[in-house]
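Biologist: Before we discuss this structure, please explain the terms on which your descriptions rest.

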Amino acid sequence: MSPHIRIVLVEPLYQGNVGSVTRSMENFGFDDLVLVNPCKLEGQARAMSCNARDLLESAPTVDTLEEAIGDTDIVIGTSGIAGIKTDQHIRMPAYTPAEIRNKFRETNGKIAFLFGREDNGFSREELKRCDMIMTIPTSEKYPIMNISHAATVAMYEMSNLEIGKRPIADGFDLQLLYDHFEQVLVDIKHPNHKMEKTSIMLKRIFGRAELTPREVQTLRGVLRDIQQKKK
């Protein structure tokens, strides 16, 4: 049995892609799909979904990304463009689907995989919301995959993922930890021009660390001690 995995399509433009994603979800045994401001889903979406029409028609539609991922623990954004320079920190580090499968093979939690718009992918703010970035190795001549193809590759890899005994910290508590770190950075007068990069780097470090609930509370206790000592 696999950990709970949610597929999130962010403002998909083409209904055929949405239908194809539901078909792949049916192929690999996934049933949690959330659509953020999708295009109209009509005949083409139903045709491409084939036997997954029930999943297509029952998938909740929400207005914001936060609504789609609010009850998940780890958020993984997919990108065809991996950051390779320090000034591309928002896309770094990037993991392959196989690496993510191996990383979470002993954990138990709810993981959201985000797939962005066919034309523009994700906004900067949406990328900042991700705990990890996933990229699928492709030809350098044409690295950008169709979202339904990318989703299929990711689901194929994750279909081999089994539930482990180690719990992932609750997503809400992780966000409290990230917010707490930002407050400490403000308290110690961390340079403003470095604030965003530092915050994102900390989030990515903790995202790939697969923190347990106890570890999150311990880190927050340390941060509180730092704040008390500074007073």
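Modeller: On a 1 Å grid over the protein atoms alone, a pocket is an open set of points with protein on both sides within 12 Å along at least five of seven lines, and its lining residues have an atom within 4 Å of a point. The model is predicted, so local features need pLDDT of at least 70, side-chain atom pairs count only at pLDDT 80 or more, and totals for chains, interfaces and linings use all residues. Residues are numbered from 1 along each chain as its sequence is written, and side-chain values use heavy atoms, without hydrogens and water.

Biologist: What makes Lys128, Arg129, Gln175, Glu182 and Lys203 notable in the second largest pocket?

Modeller: Of the 13 residues that line the second largest pocket, these five lie nearest its centre.

Biologist: Which classes make up the lining of the second largest pocket?

Modeller: Asp, Glu, Lys and Arg count as charged; Ala, Val, Leu, Ile, Met, Phe, Trp, Tyr, Cys and Pro as nonpolar; the others, Gly among them, as polar. By that rule, the lining has eight charged, three nonpolar and two polar residues.

Biologist: Why is strand S7 called mostly covered?

Modeller: A residue is buried when its relative accessible area is under 20% (1.4 Å probe, protein chains only). In S7, residues 110-115, six of six residues meet that condition, and therefore the strand is called mostly covered.

Biologist: How do you know that S1 and S7 pair?

Modeller: Pairing requires that DSSP find at least two bridges between two strands. S1 (residues 4-10) and S7 are parallel and share six bridges, so they pair. In one of these, Ile7 has Phe113 as its bridge partner.

Notes. On a 1 Å grid over the protein atoms alone, a cavity is a set of points where a 1.4 Å probe fits but cannot get out, and a pocket is an open set with protein on both sides within 12 Å along at least five of seven lines; lining residues have an atom within 4 Å of a point. Buried means under 20% relative accessible area, exposed over 50%, partly exposed in between (1.4 Å probe, protein chains only). Helices (H or I, at least four residues) and strands (E, at least two) are DSSP runs, numbered from the N terminus.
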